[in-house]
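This report walks through one protein chain, beginning with how its residues are covered and ending with a few unusual backbone angles. Please keep the model open while reading.

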Amino acid sequence: MVLLGAIAVGVQNSAKRDGALHEFDWGNRYQAGPGASGVLNRVNVVVPYDADAQRFSYYTGGQSWGTAEPSAAPTRVIAEASDGAVTVRLRAFDAERRERADADAQEIARMISLATTQVWPSRPIPVQVDVHVMADDAPFSLAKRVDWEEGDAYAIAVFMRDRGFSLTTPAHELYHALAGRWSLGNKDPANRARPKAARAYEEATADLFVQCGQLLATGSLSRDTGDDKLVIDDERFEGELDAEELGRALELLSREMTGAEEIGPWLSRTVVADVLGEQSSVLLESPQGERLIARCREVAANPMLLAFRLAEMQRTSRAQAAEPRALDD
Ligand SMILES: [Zn+2]
């Protein structure tokens, strides 16, 4: 009861401190192209967490390119769902009304509720997600500023196309906001000297946070081998990384090589592959499922630990790969 009271107050307070969505210039800091369905969602921390005042500020929103007339954000709520301390609203224009809107809002709320309570920070935290369903061809660049204070809900605004709708994007962006609150990864002043590595490890961790949320919500997780390619300094990376590729990736990250900050998704795939071994999917109620959750918990609390874990994986898989060769000789 005490908890519910605190959450209700938090939601009320945060409504006052969430700015409205407006056109926003995300700048050219990122070289990454658009993500799934041509949309890039982002969370940018603009005022770091102040431990004395217990507050920080961030922008949450998204961007998509195109030559058509730029679109504003839809405001009409077509579905709303809650799970624990998490509220999710789907907003759309008339033409983007989705048949699955209620089920989608419910699934997003459940996944975030499970990820926050069972992965990290391992307790209920108030979260308010607005998912904006955009027309398939409309370019946009939108954000709102959130001046978060202790007790407020974490407000997340994400943008998606009807085509290529992703249930996992809100949880991924939420992790970046939480990284701001706890000064982790790219938001940790201690990592200022290695911003590219910090970004890559934070991205990989946001993916793992989502994948463990999915595993908890659905009871199983299918392996995403991925067929996208990344080239950094003439080195080519594709799908899951083997021991040799992982070694090169870690080397590029340790040298803060330009482009290395993009390798997060390849790293998270490699972590999942290491837990799954030869299996194509994993069940929550299995030793591998427990191992994956444990790993997600560990890195969510400190993304930079991934550097050690990945180096460990590289040594282990190298040792395993060497064994059959030794027998052949
Ligand atoms: Zn991200």
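A residue is called buried if 20 or more other C-beta atoms lie within 10 Å of its own, exposed if 12 or fewer do, and partly exposed in between, with the C-beta atoms placed from the backbone. The model is a predicted one, in which local features need pLDDT of at least 70 and side-chain atom pairs count only at pLDDT 80 or more, while totals for chains, interfaces and linings use all residues. Residues are numbered from 1 along each chain as its sequence is written.

**The chain as a whole**

The protein chain holds eight helices and twelve strands, where helices (H or I, at least four residues) and strands (E, at least two) are DSSP runs, numbered from the N terminus. Of the 329 residues in the protein chain, 45% are buried. Two residues are said to be in contact if their C-beta atoms, placed from the backbone, lie within 7 Å. Among the contacts in the protein chain with a separation of 6 or more, 72% are between residues 24 or more positions apart.

**Two open sheets**

Two strands pair if DSSP finds at least two bridges between them. One open sheet has four strands in the order 1-7-3-2, with antiparallel pairing. Its edge strands are strand 1 (22-23) and strand 2 (39-50), each of which pairs on one side only. Within this sheet, Arg 42 has Gly 61 in strand 3 as its bridge partner.

Another open sheet of four strands follows the order 4-5-6-8, and its pairing is mixed. Strand 4 (77-83) and strand 8 (154-161) stand at its edges with a single partner strand each, so one side of each is left without a neighbour in the sheet. On average, and with direction ignored, neighbouring strands of this sheet are turned by 15 degrees against each other; axes here are lines fitted to C-alpha atoms, for helices over the stretch in contact, and angles run from 0 to 180 degrees between N-to-C directions. Strand 5 is largely enclosed by the rest of the structure, because six of its seven residues are buried.

The table lists strand pairs with their sense and bridges.

| Strand pair | Sense | Bridges |
|---|---|---|
| Strand 2 and strand 3 | antiparallel | nine bridges |
| Strand 4 and strand 5 | antiparallel | six bridges |
| Strand 5 and strand 6 | parallel | seven bridges |
| Strand 6 and strand 8 | parallel | eight bridges |

Individual residues show how these pairs line up: Val 77 has Arg 91 in strand 5 as its bridge partner, Arg 89 stands opposite Asp 130 in strand 6, and Gln 128 stands opposite Ala 155 in strand 8.

**Helices against the sheets**

Helix 2 (residues 101-119) lies across strand 4, strand 5 and strand 6, running at about 30 degrees to strand 4. Helix 3 (residues 169-181) lies across strand 2, strand 3 and strand 7 (140-149), and runs at about 20 degrees to strand 2. Helix 3 is mostly covered, since 13 of its 13 residues are buried.

How do helix 2 and helix 3 pack? Two packed helices are described by the angle between their axes and the distance between the axes. For helix 2 and helix 3 the angle is about 35 degrees, and their axes are 9 Å apart. On the helix 2 side, Ile 108, Met 111, Ile 112 and Ala 115 meet Pro 170, Ala 171 and Leu 174 of helix 3. The residues of this contact divide into seven nonpolar, no polar and no charged, where Ala, Val, Leu, Ile, Met, Phe, Trp, Tyr, Cys and Pro count as nonpolar, Asp, Glu, Lys and Arg as charged, and the others, Gly among them, as polar.

**Unusual backbone angles**

Most residues other than glycine have a negative phi, and most peptide bonds are trans. Trp 120 and Pro 121, however, are joined by a cis peptide bond with omega of about 5 degrees, and Pro 121 is found in the loop between helix 2 and strand 6.

Gln 54, in the loop between strand 2 and strand 3, has a positive phi of about 55 degrees although it is not a glycine. Is Gln 54 buried, exposed or partly exposed? Gln 54 counts as partly exposed because it has 13 C-beta neighbours inside 10 Å. Asp 233, found in the loop between strand 10 (229-232) and strand 11 (235-238), is also not a glycine and has a positive phi of about 50 degrees. Asp 233 is exposed, because 12 other C-beta atoms lie within 10 Å.
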